[in-house]
Structures are given as structure tokens and as C-alpha cells.
Amino acid sequence: MAPVLRSLSDFKRFLSEPGATIQVVRNTFIDRQPAAFADAYRAKGMYEPRTIRAVSKKAAIFAIQGHPTTVWLYWDKGTRKWRFQDDTVAIPLDTGLGPPDEIVYRCSYAPGTDPALHPPARRARPRAAKPPDAIRPHPKAPPSKPAGAPKASASGAVPKPVMPARGQGRLL
């Protein structure tokens with residue numbers, strides 16, 4: 001099952017799932033370059049599927065299948081111009097070198113990691129609600145003190161602190 005992406009939030013949610021993969025469908029900047037440049041780009045594995053390695057607040061790091069390199073994809077205020085449609089993300093490039101360019105990625109899951117193939121995890125049944133009298137303490141019961149709490153003297157003076165036998169060391 002292909003993911004359905006409508007916004008940057010959907011895209012980030014997709015990237016945080018195990019097995020998230022993106023692949024370049026079209027890169028108009030590379031398409032306009034000489035054939036040797038496009039071949040070198042292809043040889044570096046830039047059209048190979050990219051699997052997610054890490055996601056941060058502002059970027060994602062991808063591993064390129066069959067290559068030892070990683071690729072970073074940053075997002076910031078410029079994401080307002082990103083276009084999301086079904087399982088594709090179109091990212092405009094501001095190269096300043098001719099007509100506007102864009103990279104189109106297709107999002108999918110690595111083989112065997114599609115969430116639709118795995119049933120959702122079983123969750124425990126929610127507990128029954130407590131009756132109202134169980135939530136509030138009984139009004140006649142005096143407030144309880146912890147077992148190790150120091151007892152106040154009759155005069156109301158604060159007791160002198162006592163060092164524990166072990167564990168805390170000296171207080172300076």
C-alpha cells in the first residue's frame with residue numbers, strides 16, 4: 001500500500017515509520033544537463049531508492065542503496081512551495097540557473113515493511129472508570145504522612161536534620 005501524503009506533517013510521519021523509502025522520479029535540473037553529467041549523477045546512485053536513516057526537526061538523512069554515501073533532505077520555510085499528491089512529493093529547486101527546476105520523489109515502503117501487511121499491535125483494554133467515591137479521599141480521615149517523615153515537636157520548631165547512615169556522604 002502506498003502512503004497518501006497531503007502535507008509536510010504527513011511526509012514527516014511517513015519518514016518516521018520503519019522502512020520508509022523515497023526514490024527520484026524526475027529531476028528537471030539534471031534532465032537539462034549534458035548526457036555525461038546525467039550519467040555521472042546516475043552512477044553515484046542518485047536515482048536509486050533512498051532508505052531513511054534518521055529524521056530530525058529540520059532534516060532527514062537517507063542511505064542510498066548500493067552506495068556508501070548519505071543524502072540529506074532539509075525542510076524549512078521554503079516547504080510552503082512543496083507539492084504533495086498521493087505518494088509523490090515535488091520539491092522546487094532555487095538554482096538561479098535558468099528556468100525553475102524541481103525534484104519529484106515517490107514515497108514507498110521497503111519490501112516486507114509495508115504497515116498494511118502487518119496487523120496493528122494489540123492494545124490492552126482500557127480500565128473501567130473508578131466510582132466517584134474512590135477518587136476523593138474520605139472527608140473524616142486525617143491526612144497521612146509518609147513513614148519516614150520527621151515528626152514536628154510540640155513547640156512547632158523545625159527538627160534538626162539528621163545525616164543518613166550511608167549513601168549521601170557529607171553535606172557541606
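Does Y109 count as buried or exposed, and at what relative accessibility? Which label fits Y109, buried or exposed? At 17% relative accessibility, Y109 counts as buried, where buried means under 20% relative accessible area, exposed over 50% and partly exposed in between, with a 1.4 Å probe and protein chains only. This is a predicted model, in which local features need pLDDT of at least 70 and side-chain atom pairs count only at pLDDT 80 or more, while totals for chains, interfaces and linings use all residues. Residues are numbered from 1 along each chain as its sequence is written, and side-chain values use heavy atoms, leaving out hydrogens and water.Is Y109 buried or exposed? At 17% relative accessibility, Y109 counts as buried (under 20% relative accessible area; exposed is over 50%, partly exposed in between, with a 1.4 Å probe and protein chains only). This is a predicted model: local features need pLDDT of at least 70, side-chain atom pairs count only at pLDDT 80 or more, and totals for chains, interfaces and linings use all residues. Residues are numbered from 1 along each chain as its sequence is written, and side-chain values use heavy atoms, without hydrogens and water.

**Aromatic pairs**
- The whole structure holds 7 aromatic pairs (Phe, Tyr or Trp rings, the six-membered one for Trp, with centres within 6.5 Å; planes under 30 degrees apart are stacked, over 60 edge-to-face, the rest tilted).
- The pair of F11 and F84 is tilted, because the ring centres are 6.3 Å apart and the planes meet at 50°.
- F11 belongs to helix α1 (residues 8-15) and F84 to strand β5 (residues 83-85), so this pair ties together parts 73 residues apart in sequence (helices, H or I, at least four residues, and strands, E, at least two, are DSSP runs numbered from the N terminus).
- Both F11 and F84 are buried.
- F14 and Y109 pair edge-to-face, with 5.3 Å between centres and 70° between planes.
- F14 in helix α1 and Y109 in strand β7 (residues 101-109) are 95 residues apart.
- F14 is buried too, with a relative accessible area of 2%.

**A cluster and a charge**
- One aromatic cluster is formed by F11, W75, W82 and F84.
- R42 lies over the face of Y47, 4.4 Å from the ring centre (NZ of Lys or CZ of Arg within 6 Å of the centre and within 35 degrees of the ring normal).
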